Each structure stands twice: as structure tokens, then as C-alpha cells.
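Here are my notes on the model you sent. They go point by point, with strand pairing up front.

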Amino acid sequence: MDDLEFRRFLKIDVRALDVWVEQGWLLPQTRDGARDFRDTDVARAQLILDLTRNMGVNDAGVDLIMDLIDQIHGLRGTLREMLAAMEEQDEEVKRRLRGKLDELCGIHGL
Amino acid sequence: MSRDPYELLGVKKDATQKEIQSAFRKLAKKLHPDLNPGDKKTEERFKEISAAYELLSDQEKRGRFDRGEIDMSGAEQAQRHYYRDYASAANAGNPYHNSAGFADFGDSDDIFSSFFSRRARGGEFRAQGQDRHYSMEVDFLDAVNGTKTQIRLPDGPALDLQVPPGTRDGQTLRLRGKGEPGIGGGRSGDALVEIRVRAHRFYVRDGDDIRFDLPITLREAVLGGKVRAPTPSGPVNLTLPPHSNTGKVLRLKGKGVAKKGGGAGDIYISLKIVLPDAPDLHLSEFMTGWTAGEQQDPRKSMGE
């Protein structure tokens, strides 16, 4: 959706949106020289609104939270790929991996 | 959704706006789906507390609810997609993808670490080849003195192997670059050869020292004199003092095994008196007439 649709949907003014883009919290695509927002940007903007409007988080806090959330998703994605790769191994390899993981859980008391 | 918004937020009917806000913030931190990307159950509860908060945070709506004019269904919220649903879909196409969380995993050069460093740097895949492990038996004296030998790998050419002086049993020698080839221009792995040192007939290794028993005759023991003793680096002449008993230990300083940082250990030679191979008539006669021998009690210290 374009700038105006996006701001109407979220009920935010252009100044706020400029800050979000400037801070790198949102990375809209550009189409014909104008900003173009995807569904993922909408969902992300709603999270920023939840944080700022309802949860009392200031700009510095949003910056921190968004960065950590992005890192968590990066880690989760990689972990998921690793699990998928492990799942594809032979039974023997899987059994050994499982054994090693159980052993590590034992060490850490999980 | 007809539950009581006060109950959902865990506040009293007469709670102030400040209390309502603080209760909501506490719950929202715990239940916001994007702050709990792994917990699917939070979504429904977050929806409920958001609806409750929307109703109670608005003075007018709250008043109408208290008077029974509206219920919570008025505050029901539209179906919403959370950011986590997009973020988890695909790492590759996501412009917000951030791999800083494992950027430091790639410091080491092994095959799995390089998987992470490739992701963190967005670069191409490169990995050091795997090491190959072998083991090899070496004679005791070759390990002590060092030797040059060849090792024939099961699936490769014969390699020259330099066994350094003072090599210990279980020590691993590394042949750089003789392991599996690297991937994507990464360097080859190493061949790691574990050395097994065969036991010697009489030398015993004790760290950097060597110990062994040296047989001497009864005559040498009683009268002393020069005897020839073997060592790993060649025979040496020893001078035994008169009356050298079994168990007496002679030390040859610096004649042992080469140490890692230079220098060498010692050799400890333990004397062992050996009777002639066959019984000797003269010796028996002498012993019969040797009355002092009857007085000796070498087992005295053992009690009984």
C-alpha cells in the first residue's frame, strides 16, 4: 500500500512515519519514487504502535526492542533450518545427535 | 467475548486509570505475540487483554460498561497479523533479517561454524577440510631417539613422518594439509597421527626418565668394579663401589629422554644381584663355612 493508505490504516501522521523509516524500524520498498509498504511492514508498524502507544516504550526503547526482535527471528530461522537439516540425516546420525543433545541438557540441568 | 474486562486485567472495579494502564502494560509485556515469538498461546490472551484495555482506558466507554449499556463484545478487535508471522516465514526474503545473533559463531574454521559465518557475512561458503586421524606403532628406542619413517595412509600416498626424539606414547603428530581437501578454497585439513610406543624388553619410560634393572654378579656386588651397562644412546661404563646391594639405584644424569624445551631426563639403574647360572661347588663350600651369614636376618623389618 502507498504512504497515505498506510498512515490511514495505522492512524499515524507523516512525521511519525518519517522517523520510523529514518530509524530503520521500517524498510519500505520504493515504487515510482514513492514509498510502498508490504503486509510485513504493516504488522511491524502495529508492533511499534503497541510499544509506543500502549506499553509506554520511548524511541530509544523501540530501537532496542526492534533490533533484538530481528536478531531473535534470525536465530529462530537458522535454528529451524538446522533442525530440518538434522531431521534429514540417517537414523544413526540422528540418534547420536539426540544423545549428545540429551547429554548437554543433563550438563546444564535442563 | 463476554468476559469481565476488570477480571481480564486483574484490577478492581474502582481502579484508577493509572492502575489500569500499569496492569495492562505488565500483561502486554508477557503476552504480546511479537515479544513471545515462540509461544502460540499468547495470541488469544493478548487479544482479550487488548480489548479489555481499549474499553477501560476510554473513560466514556468504561462508564457505559459500568452502567451495563455495553459489553465487551463492542470492543472486539479485528483479526490481526502479527509481525512474527512474517518474520518466521522466510529468512531469505525478509528485509529485516538480522544475523548479528550468531555473527561470532564463524570465528573458528570448522565446517559448522563456517555455515553461520557465511550467513552472518552473506558471503560464500568456505570451509577447512576435515582432519584425518591415524595411529601408528613405533619402537621404544625410535620414540626415545627420534626417527624418520613413512606412514602409508589407507587411501592416499605414503607420507614421510618425522618422529621427534622424546615422543611419548599417545602423543599426536600433525601433518599439516594432509587431511581432507577444503571446500570452496578453504585450506586442507591435517593428518593427525597418534603414536603408540611399543614396550621395551627392559627399559621402562617414566616421563622423561628411563628406569631399568641391571643384573650384576655376586662377585661384582661384593667387590665392586667396572661394569658395562646399556643405555638408549649406547653402552656406558659404570663403576660399582664395593658392597653394592640389590635395589641400589645409580643415576645417570641427563642420559634420559630429550625434553620438549631442551635438556633431557635421567636414567635410573637399579642393581639386581644374580647367582651363577649353575650351582658352584666352591661357592657352596664357602657359604657353608661362612658363619657370619647365619647371623644376618634381612626379613627383620617385615615383623614376625
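1. Start in chain B, at the end of a strand pair. B:Thr217 stands opposite B:Val274 in E11(B). One more pairing belongs here: B:Ile216 has B:Ile273 of E11(B) as its bridge partner. Keep in mind throughout that this is a predicted model.

2. Which way do strand E7 and strand E11 of chain B run, parallel or antiparallel? They run parallel. E7(B) covers residues 209-217 and E11(B) covers residues 267-274, and 8 bridges join them. As background, strands of a sheet pair through backbone hydrogen bonds, either parallel or antiparallel.

3. E11(B) also pairs with E10(B). Here the two strands run antiparallel, and 4 bridges join them. One of the partnerships is B:Arg251 with B:Tyr268 of E11(B).

4. Now put these strands into their sheet. The sheet is open, has 4 strands and follows the order E6-E7-E11-E10 in chain B. Its pairing is mixed. Strand E6 (204-206) and strand E10 (249-252) of chain B are the edges, each pairing on one side only. From one strand to the next, the twist averages 30°.

5. Chain B has another open sheet, this one of 3 strands. What is its strand order? The order is E1-E5-E4, again written for chain B, and the pairing is mixed. The edge strands are E1 (132-138) and E4 (172-175) of chain B, and each of them pairs on one side only. The twist in this sheet averages 30° from one strand to the next.

6. Look closer at one pairing in that sheet. E4(B) pairs with strand E5 (residues 191-197) of chain B in the antiparallel sense, over 4 bridges. B:Thr172 has B:Glu194 in E5(B) as its bridge partner.

7. Next, helix packing in chain B. Helix H2 (residues 17-31) and helix H3 (residues 42-57) of chain B have axes that come within 10 Å and cross at roughly 165°. Angles over 145 degrees count as roughly antiparallel, so H2(B) and H3(B) are roughly antiparallel to each other. Their crossing is left-handed.

8. Which residues make that contact? On the H2(B) side they are B:Gln17, B:Ile20, B:Gln21, B:Phe24, B:Leu27, B:Ala28 and B:Leu31. On the H3(B) side they are B:Thr42, B:Arg45, B:Phe46, B:Ile49, B:Tyr53, B:Leu56 and B:Ser57. By class, the contact has 9 nonpolar, 4 polar and 1 charged residues.

9. H3(B) comes up again at B:Pro5. This proline lies in helix H1 (residues 5-9) of chain B. Is B:Pro5 buried or exposed? It counts as buried, because it has 24 C-beta neighbours inside 10 Å and the cut-off for buried is 20 or more. Leaving aside residues up to four places away in sequence, B:Pro5 touches B:Ala52, B:Leu55, B:Leu56 and B:Met72. B:Pro5 and B:Ala51 are 46 residues apart in sequence, yet their C-alpha atoms are 7.9 Å apart in space.

10. Turn to chain A. Its secondary structure comes to 5 helices and 2 strands. From the N terminus on, the elements run α-α-β-β-α-α-α. Of its 110 residues, 20% count as buried. Take the contacts in chain A between residues at least 6 apart in sequence: 37% of these join residues at least 24 apart.

11. The start of chain A is worth a look. A:Met1 lies in the segment before helix H1 (3-10) of chain A. With 16 other C-beta atoms within 10 Å, A:Met1 is partly exposed. A:Met1 touches A:Phe6 and A:Phe37, not counting residues up to four places away in sequence. A:Met1 and A:Asp36 are 35 residues apart in sequence and 5.6 Å apart in space, C-alpha to C-alpha.

12. Last, the interface. How many residues of chain A are in contact with chain B? There are 21, and they meet 26 residues of chain B. Helix H3 (39-54) and helix H4 (59-87) of chain A each supply at least two residues of this side of chain A. H4(A) gives the most, with 10 residues. By class, the side of chain A that touches chain B divides into 7 nonpolar, 9 polar and 5 charged residues.

Technical notes. Residues numbered from 1 in each chain as written. Chains lettered and ligands numbered in written order. Predicted model: local features only at pLDDT ≥ 70, side-chain atom pairs only at ≥ 80, totals over all residues. Contact = placed C-beta atoms within 7 Å. Nonpolar A, V, L, I, M, F, W, Y, C, P; charged D, E, K, R; others polar. Buried ≥ 20, exposed ≤ 12 C-beta atoms within 10 Å, placed from the backbone. Axes fitted to C-alpha atoms, helices over the stretch in contact; angles between N-to-C directions. Parallel < 35°, antiparallel > 145°, perpendicular 65-115°, else oblique. Left-handed = near helix turned anticlockwise from the far one by under 90°. Pairing = 2+ DSSP bridges.
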